[in-house]
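Me: I would like a close look at a single part of this model. Please treat it in one connected account.

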Amino acid sequence: MCKVKAIKALTLLALLAMLVGTTVYMHDFGSPENAAMDDYFIQNGQAETGSNNIVAAVLFDYRGLDTIGEASVLFAAACAIFLLFRRSEE
Amino acid sequence: MSDEGMSVIVKTVSCVLVVPTVVFGLYVIMHGHLTPGGGFPGGAVMATIVALFLVAYGKDGSRKILKKDCLSAAESIGLLLFAALAFAGISVTFFSNFLANTGNWFGTVIPFGPNPGYLVSGGVLPLMNIAVGIEVFAALSAIMILMFSYSGDDSK
Amino acid sequence: MISIHFVAVALLISLGIYAVVFRRNLIKIVMGISVIGSGVNLFLVSLGYREGGIAPIFTNAPQTAMVLPVPQALTLTSIVIGLAVTALMLSFTIMLYGHWKSLDTRKRRLLE
């Protein structure tokens, strides 16, 4: 039991060290490297969609398929909860 | 287990708070293409009033006010409206913004740069915000009502 | 150069995994999964930050140097999906408590 816990703790520490070590290779905070797509959205989003909120333009126009998947996930979760609690209602 | 809810002061205040909460939620939904917000935060704001009703009126009292079947239907209607708006621009592509830059309904042409914000702009974005707002409000309310109505049933 | 924001992301994710692995209470495990989701959201938002940028909304904007909009949209998606998943997990927890009268995962095995 104690051995298992020690192995788990060591694995967790290794994971933490790995995650913190990865941050060394990240780009500097505040200067993203590949921003061409986002610059296009900022420059042309207003003229193409007529929306001032570029996040809403990306959410509902450029990447609308993501949003419909997300709405479907929420719908499916609500349906699953409906089914789960159905028997206890009567 | 009969659940009477809280005192009459809490019930009255929760009834009074319906109006500002729903108005604020509708404001967040309707201005989703102009200010921070949109369908998801607006629906969540409107769903808080359902949580307040559940706490104030208790399990049995809120069952008379809030109907689960209506919320379930509204959830389906919101998702279907969203999918229908996405399919309405199928002549170009899926999710094409067929109302933008037409000059008429929701089609005000917006040039690049800061502006004070025009409510009838954005093409299908405000309509999609409304559809998603309906769906999120109904889904969150139904989830909260179901989870609240099961809690406390230790006999089953 | 190490940025404190990404270190915070690493700490949040490690904290969530610690809660999932070491805690026995089902509600605490669900909380750990939510903390992992928060860490991922913070990572996405801090990935798209640009120095001196404002939120990408043009209504009365003082300038046009803005942060990246796509990570923010993906974070909005991720928040709603995390909410749905958390609600489903808590519903399962409620049902399991109704069956077992206990939230401890060590007392009863899941496939008993």
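What volume does the largest pocket have, and which residues and elements line it?

Reply: In this predicted model, the largest pocket has a volume of about 380 Å³. Its lining comprises 25 residues, of which G37(B), G38(B), F40(B), P41(B) and L76(C) are the closest to the centre. The elements that give two or more residues to this lining are α3 (54-62) of chain A, α3 (39-65) and α5 (125-150) of chain B, and α3 of chain C. The most comes from α3(C), with five residues. By class, the lining holds 18 nonpolar and seven polar residues, and no charged residues.

The contact between chain C and chain A also involves α3(C), and it may be described alongside the pocket. This contact takes 46 residues from chain C and 41 residues from chain A. Together the two chains bury about 4,000 Å², with 76% of this area on carbon and sulfur atoms. Six residue pairs are in polar contact between chain C and chain A, both residues being at pLDDT 80 or more. One salt bridge is counted between these chains: the side chains of R50(C) and D39(A) meet at 3.0 Å, N to O. On the side of chain C that touches chain A, the elements giving two or more residues are α1 (4-22), α2 (26-47) and α3 (69-100) of chain C. Here too α3(C) gives the most, with 17 residues. By class, that side of chain C has 34 nonpolar, eight polar and four charged residues. Thus α3(C) is the element that gives the most both to the pocket lining and to the side of chain C that touches chain A.

Key:
Residues are numbered from 1 along each chain as its sequence is written. Chains are lettered from A and ligands numbered from 1 in the order in which they are written. This is a predicted model: local features need pLDDT of at least 70, side-chain atom pairs count only at pLDDT 80 or more; totals for chains, interfaces and linings use all residues. Side-chain values use heavy atoms; hydrogens and water are left out. Contact means heavy atoms within 4.5 Å. Buried area is the accessible area (1.4 Å probe) that two parts lose on being put together, summed over both. A salt bridge is a side-chain nitrogen of Lys or Arg within 4 Å of a carboxyl oxygen of Asp or Glu. A polar contact is a pair of N or O atoms within 3.5 Å; within protein, one must be able to donate a hydrogen and the other to accept it, and residues adjacent in sequence count only if both atoms are side-chain atoms. Helices (H or I, at least four residues) and strands (E, at least two) are DSSP runs, numbered from the N terminus. Ala, Val, Leu, Ile, Met, Phe, Trp, Tyr, Cys and Pro count as nonpolar, Asp, Glu, Lys and Arg as charged, and the others, Gly among them, as polar. On a 1 Å grid over the protein atoms alone, a cavity is a set of points where a 1.4 Å probe fits but cannot get out, and a pocket is an open set with protein on both sides within 12 Å along at least five of seven lines; lining residues have an atom within 4 Å of a point. Grid points are joined across faces, edges and corners, and a volume is the space filled by probe spheres set on the points.
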